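Grab a pencil and open your viewer. Below are some exercises to work through by eye, each with a solution you can check yourself against.

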Amino acid sequence: MLDHVSKSDDGALILPLHRPAPDLLRPPRDKVVTYRIKVHLEGIEPPIWRRLDVASDLTLDVLHWVLKVAMGWTDSHLHAFSVGGRMYDRKAQRFLTRYDLMEGDEGTLETDVRLDQVLQRKRGKLFYEYDFGDSWSHVIPLEAVERRSPDAARAVVLDGARACPPEDVGGVGGYEE
């Protein structure tokens, strides 16, 4: 039988309204390293992307600030991170912002999650969505793990292609028009 499904007295399946969120967090690394990540904005050709070196101990709320600056977003919309799949994937774990908590959502706050708890192996992926109306979906694979110099910046943009779409254009379809 499916997880979290039960049967009524007459044998009908009872599906839960809310499923428990999976716990995909891993213990953080013992030592902080440098992660080389590539941020790819999905659904747009030619691609829009950025390559960054970041400290592996960045929390997801700090990573959001790094991404908004690197991509060119104005931070005038909500965002969410997930691991194990995109935000609405049943197998994914979504991380909450303070706004989500105020709205009554339950789960793990992004301020409590380090990058190295959700990305640990090369080719692992983190998902980031910005502006739930326009639904700008980003995939963030881990490209490399390197030793970290004590004087290294917390985040550096190394490379990229194309300017980010303007805010409030209606997502991929509006941008293409």
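What follows is a set of exercises on this predicted model, each with its solution.

**Exercise 1. Take stock of the fold: how many helices and strands are there, and in what order do they run?**

Step 1. Count the elements: you should get four helices and 10 strands.

Step 2. Walk along the chain from the N terminus, and the elements read β-β-β-β-α-β-β-α-β-α-β-β-β-α.

Step 3. Look at burial and contacts. The protein has 177 residues, and 38% of them count as buried. Take the contacts with a separation of 6 or more: 62% of these are between residues 24 or more positions apart.

Step 4. Turn to the outside. About 10300 Å² is exposed, with carbon and sulfur atoms supplying 51% of that area.

**Exercise 2. Trace the eight-stranded sheet: what is its strand order, and which strands sit at the edges?**

Step 1. Follow the pairing across, and you get β7-β6-β5-β8-β9-β3-β4-β10, an open sheet with mixed pairing.

Step 2. Check the two ends of that order. Strands β7 (108-109) and β10 (155-161) each pair on one side only, and these are the edge strands.

Step 3. Now see what lies against the sheet. Helix α1 (residues 60-71) packs on it, touching several strands, among them β3, β4 (48-55) and β5 (79-83). The direction of α1 makes about 140° with that of β4.

Step 4. Zoom in on one pair. Strands β3 (residues 34-41) and β9 (residues 136-146) run antiparallel to each other and share six bridges. For a concrete handle, pick tyrosine 35: its bridge partner in β9 is valine 145.

**Exercise 3. Go hunting for salt bridges: how many are there in the whole structure, and why can the pair of arginine 36 and glutamate 146 be said to tie together parts of the chain?**

Step 1. The full search turns up eight salt bridges.

Step 2. Find arginine 36 and glutamate 146, whose side chains meet at 3.7 Å, N to O. That passes the test, because a salt bridge here needs the nitrogen within 4 Å of the carboxyl oxygen.

Step 3. Place the partners: arginine 36 is in strand β3 and glutamate 146 in strand β9, so this pair ties together parts 110 residues apart in sequence.

Step 4. Ask about burial. Arginine 36 has a relative accessible area of 22%, and glutamate 146 has 31%. Each of them is partly exposed, because that class covers values between 20% and 50%.

**Exercise 4. Work through two more salt bridges: where do the partners glutamate 143 and arginine 51 lie, and where do glutamate 42 and arginine 86 lie?**

Step 1. The side chains of glutamate 143 and arginine 51 meet at 2.6 Å, N to O. Glutamate 143 is in strand β9 and arginine 51 in strand β4, so parts 92 residues apart in sequence are tied together. Glutamate 143 is partly exposed, at 24% relative accessibility.

Step 2. Salt bridges can also share partners: Arg36, Asp53 and Glu146 are joined into one network that way.

Step 3. For the other pair, glutamate 42 and arginine 86 form a salt bridge at 2.5 Å, N to O. This one goes loop to loop: glutamate 42 is between β3 and β4, arginine 86 is between β5 and β6, and so the pair ties together parts 44 residues apart in sequence.

Step 4. Both partners are partly exposed, glutamate 42 with a relative accessible area of 23% and arginine 86 with 43%.

**Exercise 5. Find the backbone oddities: which peptide bond is cis, and where is proline 46?**

Step 1. The bond to find runs from glutamate 45 to proline 46, and its omega is near -10°. Proline 46 belongs to the loop between β3 and β4.

Step 2. Next, look for positive phi outside glycine. Aspartate 75 has one, about 65°. This aspartate is in the loop between α1 and β5 and is partly exposed at 26% relative accessibility.

Step 3. Serine 135 is another case, with phi near 55°. Its place is the loop between β8 and β9, where serine 135 counts as partly exposed at 34%.

**Exercise 6. Explore the surface: which residues make the nonpolar patch of about 320 Å²?**

Step 1. Select Leu78, Tyr99 and Met102, which make up the patch.

Step 2. Locate tyrosine 99 in helix α2 (residues 98-102). Its relative accessible area of 38% makes tyrosine 99 partly exposed.

Step 3. Compare sequence with space: tyrosine 99 and leucine 78 are 21 residues apart along the chain, and their C-alpha atoms are 8.5 Å apart.

Definitions and conventions
Residues numbered from 1 in each chain as written. Predicted model: local features only at pLDDT ≥ 70, side-chain atom pairs only at ≥ 80, totals over all residues. Heavy atoms only, no water. Patch = residues over 30% accessible without salt bridge, like charges linked within 9 Å, V, L, I, M, F, W, Y side chains within 5 Å. Areas by Shrake-Rupley, 256 points an atom, 1.4 Å probe, with all protein chains shown as cover. Buried < 20%, exposed > 50% of the residue type's maximum accessible area, 1.4 Å probe, protein only. Contact = heavy atoms within 4.5 Å. Pairing = 2+ DSSP bridges. Axes fitted to C-alpha atoms, helices over the stretch in contact; angles between N-to-C directions.
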